[in-house]
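Colleague: I should like to go through this model with you, one question at a time. Please show the sequence and structure before we begin.

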Amino acid sequence: MVAEVGVEPRPEVLRRELIGVGVVVAVVLAVSAAAGVAWGLLAPTERLRVTQPGRAAVLTGESLHLFDAVGMFLCIGAVVAMLSAVAAWRVRSVRGPALVVGILLASGLGAAVMMWVGEPVAELRHPRPHDPAVGQIIALPAEVGTDLALLVQPFLAALVLLFLAALHPRTDLGSGTAGLLGDLRPAEIDDYPPAVEVEEYRRSGDFDSSPQPRA
């Protein structure tokens with residue numbers, strides 16, 4: 001069977017799309033890890049005064065830093081989500097359902113990587129004291145504290161991709177492929193059918209009096 005002109009073999013399409021999605025996933029995870037380091041360095045600590053061995057009281061206003069740390073985590077994750085979705089959209093050859101699945105998985109795992117990397121960095125910056133003296137002021141490292149914070153990054157990434165796909169005028173999103181893992185079709189085929197020629201409208205007064213055939 002002779003392949004159609006302008007159409008790549010299906011194995012080449014699958015390999016290209018899978019490699020593209022794999023690169024996108026790897027980049028998202030790497031950026032998320034770097035964002036986790038940044039959060040660990042920037043997240044505020046909670047300061048307490050040791051009142052007795054094994055017990056401490058939170059200083060006035062310090063409890064708000066727990067919310068500040070989670071808020072910074074969400075903001076950094078949101079920035080990573082939007083930038084990664086827009087950057088992945090720039091790769092035309094991987095646009096489609098496979099990219100959406102890859103971004104969702106990468107962003108969800110990336111948020112977890114950001115937490116797994118960020119919390120140890122925060123603890124290295126402010127290590128937990130062992131058996132502090134009574135009256136000593138100690139600083140506890142920042143923690144995310146809730147797994148719900150991990151949902152923001154994949155949600156925003158999917159939302160950005162949905163927005164970009166909705167604005168695109170072509171059904172193949174400019175990738176030249178269709179389907180979950182791309183049945184390639186010729187790039188010169190347009191998504192829109194050619195315009196049908198319409199008979200010119202007769203102006204008033206140009207009435208055709210000849211008998212018209214009945215259906």
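Colleague: Does Leu-29 count as buried, partly exposed or exposed, and at what relative accessibility?

Modeller: This is a predicted model, and Leu-29 belongs to its helix 1. Buried requires under 20% relative accessible area and exposed requires over 50%. Leu-29 therefore counts as partly exposed, its relative accessibility being 24%.

Colleague: Which residue has its C-alpha atom separated by 7.3 Å from that of Leu-29, although the two are 80 residues apart along the chain?

Modeller: Beyond its neighbours within four places in sequence, Leu-29 is in contact with Ala-106, Leu-109, Gly-110 and Val-113. For one of these residues the C-alpha separation from Leu-29 is 7.3 Å, across 80 residues of chain. That residue is Leu-109.

Colleague: Which helix gives the most to the largest nonpolar core?

Modeller: The largest nonpolar core has 16 residues, and Trp-39, Phe-73, Ile-76, Met-114, Ala-142, Val-144 and Leu-150 have the most contacts inside it. At least two residues of this core come from each of helix 1 (10-42), helix 2 (64-89) and helix 3 (97-125). With five residues, the helix that gives the most is helix 3.

Colleague: How many residues does the second, separate core have?

Modeller: Ala-106, Ala-157, Val-160 and Leu-161 are included in this second core. Its total is 15 residues.

Colleague: What is the geometry of the aromatic pair formed by Trp-39 and Phe-73?

Modeller: The structure holds one aromatic pair. Trp-39 and Phe-73 form a pair with ring centres 5.6 Å apart and planes at 85°. Planes over 60 degrees apart count as edge-to-face, so the geometry of this pair, at 85°, is edge-to-face.

Colleague: How far apart in sequence are the parts that this pair ties together?

Modeller: Both Trp-39 and Phe-73 are buried. Trp-39 is in helix 1 whereas Phe-73 is in helix 2, so the pair links parts of the chain whose separation in sequence is 34 residues.

Colleague: Is Ser-84 buried or exposed?

Modeller: Ser-84 lies in helix 2, and apart from residues up to four places away in sequence it touches Val-28 and Ile-103. Its relative accessibility is 12%. The limit for burial is under 20%, so Ser-84 counts as buried.

Colleague: Which backbone oxygen does the side chain of Ser-84 reach?

Modeller: The Ser-84 side chain comes to 2.7 Å from a backbone oxygen. That oxygen belongs to Val-80.

Technical notes
Residues are numbered from 1 along each chain as its sequence is written. This is a predicted model: local features need pLDDT of at least 70, side-chain atom pairs count only at pLDDT 80 or more; totals for chains, interfaces and linings use all residues. Side-chain values use heavy atoms; hydrogens and water are left out. A nonpolar core is a set of buried Ala, Val, Leu, Ile, Met, Phe, Trp, Tyr and Cys residues joined through side-chain atoms within 4.5 Å. Buried means under 20% relative accessible area, exposed over 50%, partly exposed in between (1.4 Å probe, protein chains only). Helices (H or I, at least four residues) and strands (E, at least two) are DSSP runs, numbered from the N terminus. Rings of Phe, Tyr and Trp (its six-membered ring) pair if their centres lie within 6.5 Å; planes under 30 degrees apart count as stacked, over 60 as edge-to-face and the rest as tilted. A polar contact is a pair of N or O atoms within 3.5 Å; within protein, one must be able to donate a hydrogen and the other to accept it, and residues adjacent in sequence count only if both atoms are side-chain atoms. Contact means heavy atoms within 4.5 Å.
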